[in-house]
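Good morning, and thank you for making time for this presentation. I would ask you to keep the sequence and the structure in view while I speak.

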Amino acid sequence: MGKYMLVSNANQVVTMAGHTNKPATKEAMTQLRIIENGSIWIEDGKVVEVGKDQEIRNKYKHELSKATVINAKGKTVTPGLIDPHTHLVHAGTRENEYAMRLKGKTYMEIMEAGGGIHATTRATQQASYEQLFEESRKRLNQFLLYGVTTVEAKSGYGLTLEDELKQLEVADRLQHEHPIDVVSTFMGAHAVPLNQKDNPDDFVERVVNEMIPEVARRKLAKFNDVFCERGVFTPEQSRKILEAGKAHGLIPKIHADEIEPYGGAELAAEVGAISADHLLRASDEGIAAMAKAGVMGVLLPGTAFFLMAEFAQARKMIDAGVAVALSTDANPGSSPSLSLPFIMNLGCLKMGMTPEEVLTATTINAAHAIGCANEAGSLEAGKKADITIFNVPNYLMLSYQYGMNHVDTVVKAGKQLVEGGQLR
């Protein structure tokens, strides 16, 4: 791949420019900054300029003969999509639980009986490092085919220091060896291990005093997450875990108010979390507190869809001033999908978001939710040339034609990785 690249003559270039310093809220979530008949000039893997095709060609005419040219005529170009909440590194599947839920069992009933997170924990503990790496690498390849160029990846299926480190080390290797950027989150507090079910505070102490210090010492994670939910971790336990992470330089995140209103959104505001995720049952007070504190809401409509639950109130959150991002929540139990475009469909059709808002929520706001907006999430000079080209004439088609993969081309840091919808 040469030094120069031109993405040429797109029907629409959706730049998402102007939101790098802070995430978009309210009306700003509808501001896509589109250039018709646009082109992108790239040098050394970074965006140099975005503008009208003829203007770009005239300005860089002397370098054009040395450039790789991607013809985007008739297509829509966006920043590479960003998935800010995944459980990428795990082993095993749980289709048997899917069948149980279709017969009336609830997610929490299955988990309390030793299934759910515990089933994936057993599979992940038993899996070798190489098995986890290879399975996760395949998932990242699939993410690429759906136009995703950056993902967040949580641990949390280890629940012992050794196995949590194994997950995080796999994610770290993927970050170095796979073209997709992988941003790691420590989530040792994903569930209380079955053998410590009667002494959850003892496990909390282990997370706080053993796991967090070692993860931080090895620099294996940027964020620290906890599942704050009745039957998992209480708000008090969650606060202790998040504050311990902060003391070791890990930025707090929180799985909040997924099953019932439990004060998770309020806690996110109190501890200064970068985001609260799920929020299917967040209270009005919690939403207001998040907006005031600047906590982002990462919404996971695929989980509500798969669990046949009510969806998060995205419209209420956006109108209240919460910066919203969207994610697959890719995991084997409650959202076994890697399709961020389908999540965008659900954002519109099930949560009342506009096509403009879902694009914001899967690009620049998603970048803010995992702390990488300075280098990704929009097509602006100086940022990585992370680009997705969709084989549709305008961005509205992405949410109008639901359940389809329109991705034609993916460029990551100036390197074309997907061509004609296939890995190169």
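I begin with Asn 365, which is buried, with a relative accessible area of 0%. Please bear in mind throughout that this is a predicted model. Asn 365 is part of helix H16, which covers residues 364-369. A polar atom of the Asn 365 side chain lies 2.8 Å from the backbone nitrogen of Ala 24. Setting aside neighbours within four places in sequence, the contacts of Asn 365 include Pro 23, Ala 24, Met 29 and Met 296. Ala 323, Val 324, Ala 325 and Thr 360 are also in contact with Asn 365.

I turn now to the annotated positions. Which residues does UniProt list under "binding site" together with His 85? In an unreviewed entry, the annotation covers His 85, His 87, His 255 and Asp 329. These residues span 245 positions in sequence, yet no two of their C-alpha atoms are more than 12.4 Å apart, so they gather at one spot. From this set, His 87, His 255 and Asp 329 belong to the lining of the largest cavity.

Let me take two of the histidines in turn. His 87 sits in the loop between E6 and H3, and at 2% relative accessibility it counts as buried, because the cut-off for that term is under 20%. The side chains of His 87 and His 85 are joined by a polar contact of 3.4 Å. Beyond its neighbours within four places in sequence, His 87 is in contact with residues including Lys 154, Tyr 157, His 190, His 255 and Asp 329.

His 255, by contrast, lies in strand E10, residues 251-256. Is His 255 buried or exposed? His 255 counts as buried, at 2% relative accessibility. The side chain of His 255 makes a polar contact of 3.3 Å with the side chain of His 85. His 85 and His 87 are among the residues that His 255 touches, as are Asp 225, Cys 228, Asp 277 and His 278, with residues up to four places away in sequence not counted.

A further set of positions carries the feature "binding site" in the unreviewed UniProt entry: Arg 94, Tyr 157, His 190, Glu 258 and Ser 334. The lining of the largest cavity includes Arg 94, Tyr 157, His 190, Glu 258 and Ser 334.

Arg 94 is found in the loop between strand E6 (81-83) and helix H3 (95-102). Arg 94 is buried, with a relative accessible area of 5%. Its side chain and that of Glu 97 are joined by a polar contact of 3.0 Å. Apart from neighbours within four places in sequence, Arg 94 is in contact with Tyr 107, Gly 116, Ile 117, Ala 119, Thr 120, Pro 332 and Gly 333.

Ser 334 occupies the loop between strand E13 (324-326) and helix H14 (340-351), and Ser 334 counts as buried at 5% relative accessibility. Tyr 107 is one of the residues that Ser 334 touches, and Asp 329 is another, when residues up to four places away in sequence are not counted.

Next, the nonpolar interior. In soluble globular proteins, nonpolar side chains tend to be buried together. Here the largest nonpolar core has 120 residues, of which Phe 143, Phe 233, Ile 241, Ile 254, Leu 279, Leu 299 and Met 353 touch the most other members. Which helix gives the most to this core? Helix H8, residues 200-217, does so with seven residues. A second, separate core has 16 residues, among them Val 7, Ala 72, Val 77 and Leu 379.

Helix H7, residues 161-177, has 17 residues and reaches 24 Å from its first C-alpha to its last, close to the 24 Å expected at 1.5 Å a residue. Its buried residues include Leu 165, Leu 168, Val 170, Ala 171 and Leu 174, and also Asp 163, Glu 164 and Lys 166. Among the elements covering the buried residues of H7 are helix H5 (117-126), helix H6 (129-145) and strand E7 (148-154), together with E8 and H8.

I close with Asp 181, in strand E8, residues 181-189. Asp 181 is buried, with a relative accessible area of 12%. Its side chain makes a polar contact of 2.8 Å with the side chain of Lys 412. Outside its neighbours within four places in sequence, the contacts of Asp 181 also include Thr 149, Gln 175, Lys 384 and Asp 386.

Note on methods. Residues numbered from 1 in each chain as written. Predicted model: local features only at pLDDT ≥ 70, side-chain atom pairs only at ≥ 80, totals over all residues. Heavy atoms only, no water. Helix = DSSP H or I, 4+ residues; strand = E, 2+ residues; numbered from the N terminus. Buried < 20%, exposed > 50% of the residue type's maximum accessible area, 1.4 Å probe, protein only. Contact = heavy atoms within 4.5 Å. Polar contact = N/O pair within 3.5 Å; in protein donor to acceptor, adjacent residues only side chain to side chain. Core = buried A, V, L, I, M, F, W, Y, C linked by side-chain atoms within 4.5 Å. UniProt positions renumbered as here; feature names shortened; annotations may be inferred. 1 Å grid on protein atoms, 1.4 Å probe; cavity = no way out; pocket = protein on both sides within 12 Å on 5 of 7 lines; lining within 4 Å. Expected span 1.5 Å × (residues − 1).
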